[in-house]
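Please give a short report on the packing and the charged contacts of this structure. Keep to what can be checked in the coordinates.

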Amino acid sequence: MYTENSVSDKKDLGKKIVDESMAEFAQGKSAMVQNGNWAWSQIRDISGNTVEESNIKFLPIYTGIDGEENQGICIGTENFLAINSKASEAEQKAAADFLYWLYSSEKGKSYVVNDFGFIAPFDTFKDDETPNDPLAKEVVRYMNDDKYTNIPWQFTVFPSLNFKEDFGSALLQYVQGTKSFEDVKSTVVSKWETESSMAK
């Protein structure tokens with residue numbers, strides 16, 4: 001469905017970048033685009049944007065599986081906060097203090113919500129402390145609607161970045177007609193087995 005109805009020729013898909021796809025969507029050249037809630041800032045500021053804030057929504061990706069009529073959207077993150085264990089104790093404490101300030105003080109939380117556009121998963125945030133953009137509002141709407149079962153967006157279930165890149169490369173070759181779908185399946189299974197065994 002993606003490749004047969006894309007504004008880009010299949011042979012060019014490996015060269016496309018997110019900015020180009022977002023511009024095509026913003027300028028009305030494509031009806032939909034796959035992206036996350038950070039996309040509003042990418043769309044809003046594009047020259048020639050035709051998308052009104054009130055008209056941008058999320059649509060779950062349906063694939064024809066039984067029971068998916070109540071499926072919501074992917075919600076989660078692949079990013080984590082970390083403090084360097086090799087830093088000095090004073091630096092580690094300063095980092096921890098900063099993170100505590102950022103996610104619990106009124107000024108820090110204002111940065112998180114209004115400047116960074118994050119939907120913070122911490123109990124220091126009230127329900128109404130979310131970014132004021134249409135896609136963030138869509139995420140909150142799906143999160144709070146019990147009729148939907150949202151899908152965890154968690155890249156950590158993949159064995160590694162290398163696995164993701166190999167999988168993506170195999171999919172691109174399939175789309176461009178240089179690999180069969182059986183080749184893609186074989187790549188995924190063999191790479192997953194190899195990477196999983198290395199992680200043990």
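Is Arg44 buried, partly exposed or exposed? Arg44 counts as partly exposed, at 43% relative accessibility. The model behind this value is predicted.

**Salt bridges**

A search of the whole structure finds 12 salt bridges. Three of them are set out below, with the N to O distance and the relative accessible area of each partner.

| Pair | N to O distance | Relative accessible area |
|---|---|---|
| Arg44 and Asp45 | 3.0 Å | Arg44 43%, Asp45 55% |
| Glu138 and Arg141 | 2.9 Å | Glu138 4%, Arg141 38% |
| Asp166 and Lys191 | 3.3 Å | Asp166 23%, Lys191 33% |

Take the Arg44 pair. Its partner Asp45 is exposed, because its relative accessible area of 55% is over the 50% mark.

The second pair sits within one helix. Glu138 and Arg141 are three residues apart in α5, so about one helical turn separates them. An α-helix has 3.6 residues a turn, so residues three or four places apart point the same way. Glu138 is buried, at 4%. Arg141 counts as partly exposed, at 38%.

The third pair spans two helices. The side chains of Asp166 and Lys191 meet in a salt bridge. Asp166 lies in α6 (residues 161-175) and Lys191 in α7 (residues 181-199), so the bridge ties together parts that are 25 residues apart in sequence. Asp166 counts as partly exposed, at 23%. Lys191 also counts as partly exposed, at 33%. Elsewhere, Asp9, Lys11, Asp12 and Lys15 are joined into one network by salt bridges that share partners.

**Asp133 and the start of α5**

Which buried residue has no salt bridge, with Arg44 as its nearest side chain of opposite charge? This is Asp133, and Arg44 is 6.6 Å away. That distance lies outside the 4 Å limit for a salt bridge, so the two do not count as a pair.

Asp133 is in the loop between α4 (106-115) and α5 (134-144). Its side chain makes contacts with the backbone instead. A side-chain oxygen of Asp133 reaches to within 3.0 Å of the backbone nitrogen of Leu135, at the start of α5. The side chain of Asp133 also reaches the backbone nitrogen of Ala136, at 2.8 Å. Beyond four places in sequence, Asp133 touches Asn37, Trp40 and Glu53.

Helix α5 has seven names on its buried list: Pro134, Leu135, Ala136, Glu138, Val139, Val140 and Tyr142. The cover over these residues includes α2, β1 (71-76) and β2 (149-153).

**Nonpolar cores**

How many residues does the largest nonpolar core have? It has 16. Those with the most contacts inside it are Trp40, Ile43, Val51, Ile56, Phe58 and Leu135. Helices α1 (18-26), α2 (39-44) and α5 each supply at least two residues of this core. The largest share, four residues, comes from α1. In soluble globular proteins, nonpolar side chains tend to be buried together.

Val51 shows the packing in detail. Leaving aside neighbours within four places in sequence, Val51 is in contact with Phe25, Ala26, Trp40, Ile43 and Ile56. Apart from this core lies another, of six residues, among them Tyr103, Val112, Val113 and Ala120.

Ser30 also touches Phe25. Ser30 lies in the loop between α1 and α2. It is buried, because its relative accessible area of 17% is under 20%. Its other contacts beyond four places in sequence are Val7 and Glu24.

**Aromatic pairs**

The structure holds nine aromatic pairs. In one of them, the rings of Trp101 and Tyr111 have their centres 6.2 Å apart and their planes at 50 degrees, so the pair is tilted. The pair links distant parts of the chain: Trp101 is in α3 (residues 89-104) and Tyr111 in α4, 10 residues apart. Trp101 is partly exposed, at 31%. Tyr111 counts as partly exposed too, at 33%. Together with Phe98, Trp101 and Tyr111 form one aromatic cluster.

Note on methods. Residues are numbered from 1 along each chain as its sequence is written. This is a predicted model: local features need pLDDT of at least 70, side-chain atom pairs count only at pLDDT 80 or more; totals for chains, interfaces and linings use all residues. Side-chain values use heavy atoms; hydrogens and water are left out. Buried means under 20% relative accessible area, exposed over 50%, partly exposed in between (1.4 Å probe, protein chains only). Lys and Arg count as positive and Asp and Glu as negative; His and the chain ends are not counted. A polar contact is a pair of N or O atoms within 3.5 Å; within protein, one must be able to donate a hydrogen and the other to accept it, and residues adjacent in sequence count only if both atoms are side-chain atoms. Contact means heavy atoms within 4.5 Å. A nonpolar core is a set of buried Ala, Val, Leu, Ile, Met, Phe, Trp, Tyr and Cys residues joined through side-chain atoms within 4.5 Å. Rings of Phe, Tyr and Trp (its six-membered ring) pair if their centres lie within 6.5 Å; planes under 30 degrees apart count as stacked, over 60 as edge-to-face and the rest as tilted.
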